[in-house]
Amino acid sequence: MAGIVGYGAYVPKYRIKSETIAQVWGEDPDRIQKGLGIMEKAVPAIDEDSATMAVESARIAMARAGISPNDLGAVYVGSESHPYAVKPTASIVAQAIGATPNLTAADLEFACKAGTAGMQMCMGLVDSKMVKYGLAIGADTAQGRPGDALEYSAAAGSAAYVIGPEDESLAVIEDTFSFTTDTPDFWRRSKADFPSHGGRFTGQPGYFKHVKGAFTGLMEKMGEKIENYDYFVFHQPNAKFPLAVAKQLGVPKEKLKDGLLVPIVGNTYSGASPLGLANVLDVAKEGERIFVTSFGSGAGSDAFSIKVTGKIANREKGTPLSAFIENKQYVPYAIYAKLRGKYKGM
Amino acid sequence: MRSVAIIGAGMTKFGEDWERGFRELVTEAGIRALEDAKISGDEISAGYVGTMASGSLVGQEHTGALIADYMGLNPIPITRVEGACASGSLALRQGILAVSSGLHDVVVVGGVEKMTDLDTAAVSQILGGAGDQEWELFLGATFPGLYAMMARRHMHEYGTTEEMLASVAVKNHENGATNKYAQFQNRITLETAMNSKMVADPLKVMDCSPITDGAAAVVLAPMEKALSYSKKPIEILASEQATGTLALHDRKSLTSVNAAKIASERAYKKAGLTPKDISVAEVHDCFTIAEIVATEDLGFFAPGEGGKAALDGRTKIGGDIAVNTSGGLKATGHPVGATGVKQACEISWQLRGERGAGQVKDVEYGLTHNVGGSGATAVVHLYKRGY
Amino acid sequence: MKESISLTWRRIPERYRMMGSVCKTCNTHYFPPRSICPECRRKGKIEPFKFSGKGKVYSFTEIHAPPAGFEKQAPYVMAIVELEEGTRCTGQVVDATKDDIRIGDSVEAVFRKLLSDDPEGPIHYGFKFRLIK
């Protein structure tokens with residue numbers, strides 16, 4: 001099977017605290033923080049979008065992979081906040097990392113799981129030897145309607161994966177499994193500024209059903225069990241859902257710790273599970289195994305079984321995600337509203 | 001090559017001129033210069049006009065023909081010359097070359113810019129075209145920003161202070177108060193200048209020349225015939241132009257404008273003068289730092305000492321060298337294409353002893369220094385009385 | 001500020017990846033690229049060269065009166081950066097105010113939106129700089 005030859009992850013410098021948002025809407029900050037488990041979220045600078053963040057993460061991934069950009073045969077960017085409605089983000093990224101022109105590129109959208117969908121597509125291309133390497137990116141500058149529960153979580157970040165041959169990989173993707181149904185739990189119509197969602201309907205029929213479906217599907221397919229994994233990464237729209245699904249599945253809480261970034265960066269949508277995986281790869285040791293389950297509304301989940309190899313030492317060639325997470329500056333709500341273009345007439 | 005003299009000078013009141021447009025401004029300055037020279041239009045055989053951005057600012061190109069038409073000077077040839085904020089001095093230089101070569105006898109030279117028909121953001125963007133559009137301006141730099149980076153470097157290398165910068169503005173407003181043509185004729189304090197709104201750190205509003213409408217004109221004739229037209233011709237001793245890189249970042253030094261150094265060295269050599277011989281100079285103070293750098297480039301002060309000299313009052317009227325007795329670009333205003341010609345008017349009037357309250361005593365030699373962009377074009381002229 | 005799409009497109013290699021040029025005769029590096037080496041003129045031999053994007057702040061300012069199209073970004077820091085290959089260029093410094101930056105500070109190139117003021121127009125991307133602490 002194909003594997004991860006290089007990876008990179010990025011979150012922007014600016015943060016807004018849940019408390020700051022709660023004050024604007026007269027909500028109890030403690031209740032929000034406890035309820036969602038989100039303390040603060042990453043906010044993009046005024047000159048950042050999914051394309052620029054995708055490039056940031058891609059450049060780190062390419063540095064770790066140590067391959068020539070000309071050897072990339074495919075670039076896929078998954079996002080629900082592509083800068084253009086029509087015109088690919090993937091071509092911008094491919095050009096910015098010097099991979100053009102001899103490759104295929106496309107944008108993907110599947111709510112919060114377009115990034116992992118790209119990884120699967122690259123795996124297929126690599127294993128079929130249609131390309132030597134593929135680059136899959138999940139990047140979002142997600143927006144929540146002002147005052148909506150999503151405003152506390154919708155954040156910005158990007159993670160990129162160079163997928164290539166197993167023998168060059170710093171982590172081998174042992175297998176993958178997906179679970180998909182048509183479930184209208186969350187959507188955004190083409191000309192709407194903000195998404196709509198089904199409130200509590202997003203839980204059981206949405207997140208939990210699909211995450212569990214993909215998780216158990218892959219475990220059964222591989223004949224594996226939870227004890228054989230050192231780390232678990234679940235999609236994290238808030239901190240409550242991944243912790244709850246882990247409990248239901250019997251995954252020990254401490255195995256979620258390194259891959260659970262939502263309390264300090266928010267929900268980075270297409271970037272969310274890929275960012276969690278990147279944070280795990282920043283600390284994992286050779287031989288350790290990681291189980292990743294993404295989720296995208298609409299709805300579907302992709303599960304991956306990953307094993308770290310000796311080439312993980314290559315991570316030293318790139319900036320760790322913690323460097324971006326720690327380099328932060330808080331902004332007040334008024335500045336946040338400016339950065340996110342929430343003022344009418346801007 | 002013949003020696004050339006200015007036999008007449010005229011300009012409009014600089015400022016926000018809501019009543020008059022491009023053609024009214026330039027024709028008024030032209031008429032005043034012709035009246036000052038006491039010549040008729042029939043005696044003129046050619047004209048040159050400096051305007052930086054008429055096409056962008058008022059949508060009008062082909063301004064040489066427009067001016068010939070509206071001055072009633074058809075069919076004489078009038079040619080537009082462009083070198084950003086140095087356009088006026090370039091037009092003067094073209095006029096000098098035309099007379100000096102013997103091709104023409106009496107030549108009218110104008111400079112004009114009509115700038116207030118657009119809003120400030122649009123004007124800044126157009127003026128930005130004087131720098132490197134693709135590699136400075138499109139990336140977010142502005143002209144105040146470029147000069148601010150020169151100022152920052154001057155502060156870093158020489159310990160120049162924001163107070164020294166502000167003292168240039170205070171002095172130029174002081175001088176502007178004596179000039180009936182100046183946009184600003186009010187005196188300001190150092191405190192006012194220091195506390196004005198930030199434009200491009202460390203440059204504040206009071207470090208910047210304003211957006212101005214205005215025009216200026218001079219009439220040139222061969223020196224050998226000048227006294228037949230005017231009792232007080234002003235002889236042009238040297239006209240030198242030099243270029244440097246378009247973008248500021250490509251200059252070897254940010255604390256000196258090499259093109260201005262070269263142009264002035266050549267001009268001094270041509271005229272057989274040294275900086276010490278100059279008693280009045282109009283220099284290109286589009287920003288206060290530009291005047292400090294200019295007084296160093298022109299050899300009035302050693303590199304790094306221009307700021308302190310300004311603060312110590314050495315550039316005031318009555319100081320070591322009177323700099324910008326008109327009020328400079330800061331107080332007179334800076335209609336970009338007109339500025340170089342206005343400088344020649346001011347020096348002519350100083351040498352003729354006609355500047356009233358702004359008159360410098362015992363003037364023998366005068367200098368003008370006009371810069372385009374952040375220093376990619378520099379033009380230096382030297383003058384003395386021709387009577 | 002308007003820029004034609006053909007001009008933007010033409011500058012993509014320079015703006016996205018800092019592609020410049022080098023004169024093989026005198027080994028002087030140029031960014032933005034030049035087709036004539038001013039040092040060697042016709043004796044020069046110009047070839048493409050990719051800059052690392054790393055350098056040091058040579059001078060800087062903070063723009064408070066922005067040109068048309070940059071209003072939302074203001075105030076922003078601009079710098080002249082001395083690139084490690086030995087030439088200088090102008091660019092914005094992201095995620096910083098004037099209080100964060102000093103002459104001599106190390107920077108690296110990042111990829112950002114240069115201008116996207118027209119909601120129906122193209123987005124112009126390119127290099128800016130980030131301080132490396």
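**Note on a predicted structure**

1. A starting point is B:His62, which is found in the loop between helix H2 (54–57) and H3 of chain B. The model is a predicted one, and in it B:His62 has a positive phi of about 60°, although B:His62 is not a glycine. This deserves a remark because most residues other than glycine have a negative phi, and most peptide bonds are trans.

2. Two peptide bonds may be read alongside that residue. In chain B, the bond from B:Asn74 to B:Pro75 is cis, with omega near 10°, and B:Pro75 lies in the loop between helix H3 (63–70) and E3 of chain B. In chain A, a cis peptide bond joins A:Gly298 and A:Ala299, where omega is about 5°; A:Ala299 has its place in strand E13 (residues 298–308) of chain A.

3. On the arrangement of the chains, two pairs of chains are in contact, and of these chains B and C share the most contacts. Chain A and chain B, by comparison, are joined by no contact, and their closest C-alpha atoms lie 12 Å apart.

4. Chain B holds an open sheet of ten strands with mixed pairing, and the order of the strands is E3-E2-E4-E7-E1-E8-E12-E11-E9-E10. Strand E3 (78–81) and strand E10 (322–323) of chain B stand at the edges, and each has a single partner strand, so one side of each is left without a neighbour in the sheet. At the E10(B) edge, two bridges join that strand to strand E9 (residues 278–282) of chain B, and the two run parallel; within this pairing, B:Ala281 has B:Val323 in E10(B) as its bridge partner. Helix H1(B) packs on the sheet, where it touches strand E1 (4–11), E4 and E7 of chain B, and the direction of H1(B) makes about 130° with that of E1(B).

5. Chain A offers another open sheet, made of three strands in the order E3-E2-E14, again with mixed pairing. Its edges are strand E3 (40–43) and strand E14 (329–330) of chain A, each with a single partner strand, so one side of each is left without a neighbour in the sheet. Strand E2 (residues 14–17) of chain A is joined to E14(A) by two bridges, and these strands run parallel; here A:Arg15 stands opposite A:Tyr330 in E14(A). Helix H1 (residues 18–25) of chain A packs on this sheet and touches E2 and E3 of chain A, with a direction that makes about 50° with that of E2(A).

6. How many cavities of 30 Å³ or more does a search of the whole structure find? The search finds four, and about 100 Å³ of space lies in the largest of them. This largest cavity is lined by 14 residues, of which B:Val26, B:Ile67, B:Val108, B:Val109 and B:Gly110 are the closest to its centre. Helix H1 (22–37), strand E2 (46–50), strand E4 (107–113) and strand E7 (214–222) of chain B each supply at least two residues of that lining. By class, the lining of the largest cavity has eleven nonpolar and three polar residues, with no charged residues.

7. The second largest cavity has a volume of about 50 Å³, and its lining includes B:Tyr147, B:Met150, B:His284, B:Asp297 and B:His369. Two or more lining residues come from each of helix H7 (143–158), helix H12 (288–297) and strand E11 (365–372) of chain B. The largest share of this lining, four residues, comes from H12(B). Seven of the lining residues of the second largest cavity are nonpolar, two are polar and one is charged.

8. Helix H12(B) also takes part in a helix contact, since its axis and that of helix H8 (residues 162–176) of chain B come within 8 Å and cross at roughly 95°. That angle makes H8(B) roughly perpendicular to H12(B). On the H8(B) side the residues in contact are B:Met164, B:Leu165, B:Val168, B:Ala169, B:Lys171 and B:Asn172, and they meet B:Thr288, B:Ile289, B:Glu291 and B:Ile292 in H12(B). Divided by class, the residues of this contact are six nonpolar, two polar and two charged.

Definitions and conventions:
Residues are numbered from 1 along each chain as its sequence is written. Chains are lettered from A and ligands numbered from 1 in the order in which they are written. This is a predicted model: local features need pLDDT of at least 70, side-chain atom pairs count only at pLDDT 80 or more; totals for chains, interfaces and linings use all residues. Side-chain values use heavy atoms; hydrogens and water are left out. Two strands pair if DSSP finds at least two bridges between them. Contact means heavy atoms within 4.5 Å. Axes are lines fitted to C-alpha atoms, for helices over the stretch in contact, and angles run from 0 to 180 degrees between N-to-C directions. On a 1 Å grid over the protein atoms alone, a cavity is a set of points where a 1.4 Å probe fits but cannot get out, and a pocket is an open set with protein on both sides within 12 Å along at least five of seven lines; lining residues have an atom within 4 Å of a point. Grid points are joined across faces, edges and corners, and a volume is the space filled by probe spheres set on the points. Ala, Val, Leu, Ile, Met, Phe, Trp, Tyr, Cys and Pro count as nonpolar, Asp, Glu, Lys and Arg as charged, and the others, Gly among them, as polar. Angles under 35 degrees count as roughly parallel, over 145 as roughly antiparallel, 65 to 115 as roughly perpendicular and the rest as oblique.
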